[in-house]
Structure formats: C-alpha cells, structure tokens
Amino acid sequence: MTHTAHGSQDGERVVIFDTTLRDGEQSPGASMTLEEKLEVAELLDQLGVDIIEAGFPIASPGDFESVCEVARRVKNATVAGLARASEKDIDRCAEALREAKRARIHTFISTSPVHMKYKLQMEPARVLELVASSVGRARNQVADVEWSAEDGTRTEIDFLCRCVETAIKAGATTINIPDTVGYTTPQEYEQLFRTVRERVPNSDKAIFSVHCHDDLGLAVANSLAGVRGGARQVECTINGLGERAGNAAMEEIVMALKTRHDILPYRTNIDAALLTRASKLVSAVTSFPVQYNKAIVGRNAFAHESGIHQDGMLKNAHTYEIMTPESVGVTKTSLVMGKHSGRHAFREKLKELGYDLGENALQDAFNRFKDLADRKKFVYDEDLVALVDDEIVSAHDHIKVLALMVMAGTHGPQSAALTLDIDGDKVTHQATGNGPVDAIFNAIKALAPHEATLELYQVHAVTEGIDAQAEVSVRLTEDGKSVTGRGADPDTLVASARAYVSALNKLMVKRGRSKPEAMQAV
Ligand code: KIV
Ligand code: ZN
C-alpha cells in the first residue's frame with residue numbers, strides 16, 4: 001500500500017461531470033446569483049472539470065440566462081444543460097448552449113415503476129417512446145447527448161436495459177444511471193453497471209455514468225463502485241452540495257482515486273491543488289458552511305490534536321496523514337500584510353490565494369482590507385478569504401449595509417440605527433428589539449418589508465483571537481423557498497446585518513425564479 005497521494009497519471013481516465021450549478025443549486029437554501037455562478041464556472045474550468053452542468057434552461061429566464069452566459073465564458077470544459085423529455089425543454093436547452101465551444105444536452109426521464117405510475121402517470125411503453133424521441137431531438141441539435149434514467153437504481157432491470165439500448169440507438173453518447181434517491185449500496189451499484197453493460201447489445205457505443213445522492217451517506221462509495229463496474233463518468237458536486245443530503249463530493253472522489261490508486265487505477269484531469277479554493281468559493285456563494293470534519297476540505301481534515309497523534313506526526317507525517325494538505329491546496333495559516341501594505345502587494349496576495357478580481361472589485365476589496373487592518377491587529381489568509389468572498393457575494397446586491405449603530409447592554413430595550421442602500425437610495429431607520437440582533441433585524445424589516453421567516457442564525461469565528469472576524473449565517477424562508485446569507489466583519493453585529501441583508505438579496509433573486517409549468521410531468 002502506498003502512504004500518500006502522489007496523483008499517479010496512469011490508469012484509465014474517468015471523466016468528471018460537475019453539477020454544482022444544477023443539482024447543487026437545487027439544494028434547499030443554496031441559490032446563486034448569475035455573477036456567483038460565473039465565478040464558480042470559471043474556477044471549475046480551471047480545476048480541469050470535463051463537463052460543467054450549468055443549469056436547467058427551461059426552469060426560468062434566470063436559469064436560461066445563466067446557462068447562456070456560462071456557455072459563452074467557459075474555455076475548456078463541455079457545458080451541459082438539463083432538459084426533460086419534452087420538445088420545449090430540449091429546444092430551450094439547445095438555444096441556451098448555442099455559444100458553447102462544446103455543448104451537451106442532458107435529457108432524462110423516470111424509469112422506475114413508482115415514478116412512472118405516480119409522477120409521470122405513464123405506461124412504460126410511452127416512456128420508451130419518449131426516450132427515443134427526446135434523445136433523437138437532442139441529437140439533431142448537438143453531437144454530445146447524455147440520457148439519464150431517473151430513479152435508475154429502483155428500475156426493473158429488463159426495462160432499464162431496453163431504455164438504455166433505445167437511448168443509445170437514438171444517438172445518446174453518455175448513459176447515466178442515477179441513484180436519484182440515494183438508495184443503492186456499493187456492491188449492488190457495481191453489479192448494476194456490469195449487468196447493463198453486458199446485456200445491452202450496443203453498450204460499447206456509449207460512456208456509462210454514475211450520479212449518486214447521499215441519503216444513506218453512500219454517495220462517494222457508490223460512485224467509486226460504479227466506476228469499478230465500468231462507468232467512466234462521475235457526476236458530482238463541490239462540497240457534496242445537492243438535493244436533500246447532497247450529491248457525491250468531487251473532492252472526495254478525486255482524492256480517493258489518487259490516494260488509493262493501488263486498488264482504484266483510474267485518473268482524472270482535476271488539479272487537486274485547487275480543491276480547497278473551490279470548496280471555499282462554493283461555500284461562500286451558497287452560504288453553506290462546510291462541516292469542520294468534512295473529508296478533504298473541512299477545517300479539521302488535516303488537524304491533529306491528541307498528544308499521541310502530534311508526536312507521531314512530528315516523527316513522520318505518514319503516521320497519521322494519508323495525503324498531504326498541500327496536495328489539496330491547504331496552505332499553512334500565514335500572516336499577511338498589515339495596514340501599511342500597498343495595493344500591489346494586496347493584489348499579489350489575492351492571486352496567491354486564487355482570486356483574480358477585476359479593477360473595481362479589487363479596489364472595493366482593498367478598501368475593506370484597509371478598514372480591517374485598522375481594526376484588527378493580525379490579518380491572516382483566512383481573514384482575506386472571508387473578506388473577498390463577502391465582496392464577491394455582495395458585489396451585485398440590490399440592498400447594501402452602509403452604517404450601523406447599536407445600543408446594547410443589560411437595560412433594554414436594545415436599539416439599532418441602520419442605514420441601507422436600496423437600489424441607490426440611502427434609507428435609515430431606528431428600531432428596538434429583544435436584544436441587539438433582533439433590533440437590527442427589525443430595522444432591516446422596516447426598511448425592506450418582507451414576509452420571510454428567520455430559520456437559522458449562526459455565528460462562528462474566521463480565525464483565532466478575540467479580534468477574530470465573525471462570520472454569520474442567516475437562513476430565511478418564504479413561500480417554501482429558503483436562502484442562506486453570510487456576512488463577515490470583526491464586529492459580530494455588523495456581520496449579522498450583512499448576513500441578513502445577503503439572505504434578502506438572494507431571496508429577491510429566487511423570487512424571480514419559478515418552477516416550469518408541469519414540473520412533475522413530462
Ligand atoms: O438525481 C437525479 O436523478 C438527477 C437526474 C436529473 C440526472 O439529478
Ligand atoms: Zn441528482
């Protein structure tokens with residue numbers, strides 16, 4: 001057994017299909033603005049992702065626009081759009097992908113008895129007809145067509161094989177068998193791919209793909225098992241973001257293939273040193289925190305606290321580390337510039353951290369850095385990352401926090417005087433509340449009236465020390481739609497105001513998106 005991940009380049013190639021912008025964004029609370037999606041798409045492209053699923057063009061004008069824009073901007077990866085088995089969906093998808101250098105239409109239909117009977121209310125014969133017609137229509141518009149058997153792992157094997165054969169005959173170049181509800185197990189999923197590949201006569205004409213959800217915590221294990229069973233495409237997301245319990249996490253798949261190359265002899269095109277950066281960006285734009293003990297990208301993933309472990313590590317890092325932090329882009333916490341540092345040094349530092357900001361964004365971030373350096377003795381890399389992520393997320397917001405004054409203490413009522421910029425108008429309100437945070441949120445409600453309810457309020461420190469920046473997450477829900485906002489500042493109350501306002505801005509974006517009509521049926 002090898003002890004560390006050296007990223008061996010031999011072995012069969014596995015294609016990485018990232019669906020952070022589609023399945024990931026479907027995750028309750030995780031909405032992204034167009035600018036945020038573009039930011040993520042550019043980083044995925046840099047990371048070496050083979051296919052970026054940019055969205056579901058028929059879902060709303062906003063989704064359509066973001067797929068168009070991602071297709072226009074992405075330089076290397078193939079850009080995919082999702083479409084149900086309907087002419088309208090497929091045509092809209094093809095239209096959104098028109099400017100892509102390489103375009104893929106990903107069309108799907110449910111094939112399991114429970115989905116066909118209750119969701120589609122269709123007979124299997126009709127589903128089979130739609131497989132042929134939808135793939136054929138997509139193939140007339142692009143050369144690269146993926147077909148997915150939704151709820152594939154709960155589909156009767158004979159019917160699944162007939163659908164796969166039909167899809168390939170109609171022109172599908174990739175066949176995806178998703179574990180839509182996270183139901184399968186590694187052994188079963190591996191065998192499923194072996195069986196389908198053996199029984200379908202034209203199976204050699206397509207690449208098989210895994211797409212696993214994590215309802216039983218098996219998404220990564222199942223994906224790797226599918227690869228052992230012959231799949232050569234893995235559908236995954238950064239941080240495992242996705243519907244319900246999420247999708248398979250890309251960082252875990254990539255590092256498992258690298259670290260256990262001895263028993264999983266496959267390679268990907270992913271530059272693993274960018275995984276941490278990608279994780280942080282996706283966490284920032286979705287405001288979904290990464291759990292501390294998350295594999296590969298959690299803040300404790302390379303931390304050793306017990307005396308025995310620390311002693312072992314000092315003697316030889318291989319004692320407790322199966323991969324190096326550097327291999328996934330974790331750099332040692334380092335002190336960055338102080339308040340006398342110039343703009344040039346600031347830009348260089350950001351480049352080192354993986355950010356390439358435009359002139360205006362750079363100037364705004366620099367102003368905030370100067371302000372931070374005035375208020376905080378030590379500014380670390382993590383402080384800069386929090387600050388810049390905050391800047392990226394809020395750059396195109398309708399509502400911005402301009403000023404805040406809070407009266408708090410043992411004798412209430414606590415009050416907050418808040419000034420917001422709402423679409424260029426400066427507005428101020430003073431409110432009281434049951435504590436300073438409540439007073440701030442009441443002031444926001446008075447200035448920007450809304451019906452959303454507060455579901456979560458969470459504070460954590462970005463770095464150590466009493467002058468650490470606070471990072472606050474706020475989740476709001478309105479009409480069944482939930483969004484999460486995040487704000488960072490050395491002052492917890494300012495961070496709270498920013499987080500609430502960030503959630504409101506996301507809610508405004510989400511209000512503009514409605515599900516396409518008859519979403520349940522084809
Ligand atoms: O989980 C699923 O089945 C999907 C399909 C649309 C591929 O996301
Ligand atoms: Zn899915």
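Colleague: Which residues form one aromatic cluster with Phe346?
Modeller: This is a predicted model, where local features need pLDDT of at least 70 and side-chain atom pairs count only at pLDDT 80 or more. Residues are numbered from 1 along each chain as its sequence is written. Rings of Phe, Tyr and Trp (its six-membered ring) pair if their centres lie within 6.5 Å. The cluster partners of Phe346 are Phe366 and Phe369.

Colleague: How many aromatic pairs does the rule give?
Modeller: Planes under 30 degrees apart count as stacked, over 60 as edge-to-face and the rest as tilted. The count of aromatic pairs is 6.

Colleague: What kind of pair do Tyr189 and Phe193 form?
Modeller: They stand 4 residues apart in helix α8 (residues 186–199), so about one helical turn separates them. Helices are DSSP runs (H or I, at least four residues) numbered from the N terminus. Their centres are 4.9 Å apart and their planes meet at 85 degrees, which makes the pair edge-to-face.

Colleague: Why is the pair of Phe366 and Phe369 classed as it is?
Modeller: Ring centres lie 6.2 Å apart. The planes are at 35 degrees, so the pair is tilted.

Colleague: Is Phe369 buried or exposed?
Modeller: Buried means under 20% relative accessible area, exposed over 50%, partly exposed in between (1.4 Å probe, protein chains only). Phe369 has 0% relative accessibility, so Phe369 is buried.

Colleague: Which ring does the charged end of Arg92 sit over?
Modeller: A charge sits over a ring if NZ of Lys or CZ of Arg is within 6 Å of the ring centre and within 35 degrees of the ring normal. Here the distance to the centre is 3.5 Å, and the ring belongs to Phe64.

Notes: Chains are lettered from A and ligands numbered from 1 in the order in which they are written. Side-chain values use heavy atoms; hydrogens and water are left out. Helices (H or I, at least four residues) and strands (E, at least two) are DSSP runs, numbered from the N terminus.
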